[in-house]
Amino acid sequence: MFSSFEAALAGWQGKPLFQSWHPAVLRDYVYQGLVERSDGQVELRCSPEIEVAVFAGARGYDLFPVAERITALTRICWAERGDFSLDTYRALAGLIQHAQVGTVPTGHLVPMERPDLAAQLIRDLAAEAPTTPGGRYQQ
């Protein structure tokens, strides 16, 4: 809980998780992710249990057993300042029929750090994807 949106923003700017985030993204996160209470303080819009589940949720998921079932055109972005090895990403891409690995000059949270780069990566992938007249991906 914070005394205000501004206090939350100032407090989170100094936290390691948020230090590399684009300022506009962090501001949106604060103003959309928090809600003002009747006493004027702000708190998470979701319950603390949901917030914990979001951060813990993906940790135990192993994508490797299902990777071969992915048929969509896939680009895997390896973050230069991330926590996972490039070899892991290459091994995963090797299991996916239409996958390539690219390197991004960010940490793990690419869209939060470089929203411009994330948008460009999506546009580039969309431009490569063969589509049907209705705009759906075609294999």
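**Exercise 1. Work out whether Glu-128 is buried, partly exposed or exposed, then describe its salt bridge.**

Step 1. Glu-128 has a relative accessible area of 44%, so it goes down as partly exposed. Keep in mind as you work that this is a predicted model.

Step 2. Now look for the partner. The side chain of Glu-128 meets that of Arg-75 in a salt bridge, with N to O at 2.3 Å.

Step 3. Where do the two sit along the chain? Glu-128 belongs to helix H6 (residues 115-128) and Arg-75 to strand E3 (residues 74-79), so this pair links distant parts of the chain, 53 residues apart.

Step 4. Check the partner's exposure too. Arg-75 comes out at 25% relative accessible area, which makes it partly exposed.

**Exercise 2. Find out how many salt bridges the model has, and go through two more of them.**

Step 1. The count comes to 5 salt bridges.

Step 2. Take Arg-37 and Asp-39: their side chains meet in a salt bridge at 2.6 Å, N to O. Arg-37 has a relative accessible area of 28%, so call it partly exposed. Asp-39, at 46%, is partly exposed as well.

Step 3. Which residues make up the network around this pair? Salt bridges link Arg-37, Asp-39 and Glu-43 into a network.

Step 4. Move along to Arg-114, which forms a salt bridge with Asp-116; their closest N and O atoms are 3.1 Å apart. That passes, because the cut-off is 4 Å. Arg-114 has 30% relative accessibility and is therefore partly exposed, while Asp-116 has 46% and is partly exposed too.

**Exercise 3. Decide whether the rings of Trp-12 and Phe-18 are stacked or edge-to-face, and follow the aromatic residues from there.**

Step 1. Start with the total: the structure holds 8 aromatic pairs.

Step 2. In the pair of Trp-12 and Phe-18, the ring centres are 5.4 Å apart and the planes make an angle of 25°. Planes under 30 degrees apart count as stacked, so this pair is stacked. Both Trp-12 and Phe-18 are buried.

Step 3. Phe-18 also pairs with Trp-21, this time at 4.8 Å centre to centre with 75° between the planes, and that pair is edge-to-face. Like Phe-18, Trp-21 is buried.

Step 4. Put the pieces together. Phe-2, Trp-12, Phe-18, Trp-21 and Tyr-29 form one aromatic cluster.

**Exercise 4. Work out whether Glu-113 is buried or exposed, and list what surrounds it.**

Step 1. Find Glu-113 in helix H5, which covers residues 110-113.

Step 2. Glu-113 has a relative accessible area of 10% and so counts as buried.

Step 3. What does the side chain of Glu-113 reach? At 2.8 Å, it reaches the backbone nitrogen of Gly-107.

Step 4. Leave out residues up to four places away in sequence, and Glu-113 touches Ser-20, Trp-21, His-22, Arg-81, Thr-106, Gly-107 and His-108. One of these, Trp-21, you've already met in the aromatic cluster.

**Exercise 5. Identify the residues of the nonpolar surface patch, then check the exposure of Val-54.**

Step 1. The patch is made by Leu-17, Ile-50, Val-54 and Phe-55, and has an area of about 370 Å².

Step 2. Val-54 is in helix H3, which spans residues 48-57.

Step 3. Its relative accessibility is 58%, so Val-54 counts as exposed.

Methods:
Residues numbered from 1 in each chain as written. Predicted model: local features only at pLDDT ≥ 70, side-chain atom pairs only at ≥ 80, totals over all residues. Heavy atoms only, no water. Patch = residues over 30% accessible without salt bridge, like charges linked within 9 Å, V, L, I, M, F, W, Y side chains within 5 Å. Areas by Shrake-Rupley, 256 points an atom, 1.4 Å probe, with all protein chains shown as cover. Helix = DSSP H or I, 4+ residues; strand = E, 2+ residues; numbered from the N terminus. Buried < 20%, exposed > 50% of the residue type's maximum accessible area, 1.4 Å probe, protein only. Phe/Tyr/Trp six-rings, centres within 6.5 Å; stacked < 30°, edge-to-face > 60°. Polar contact = N/O pair within 3.5 Å; in protein donor to acceptor, adjacent residues only side chain to side chain. Contact = heavy atoms within 4.5 Å.
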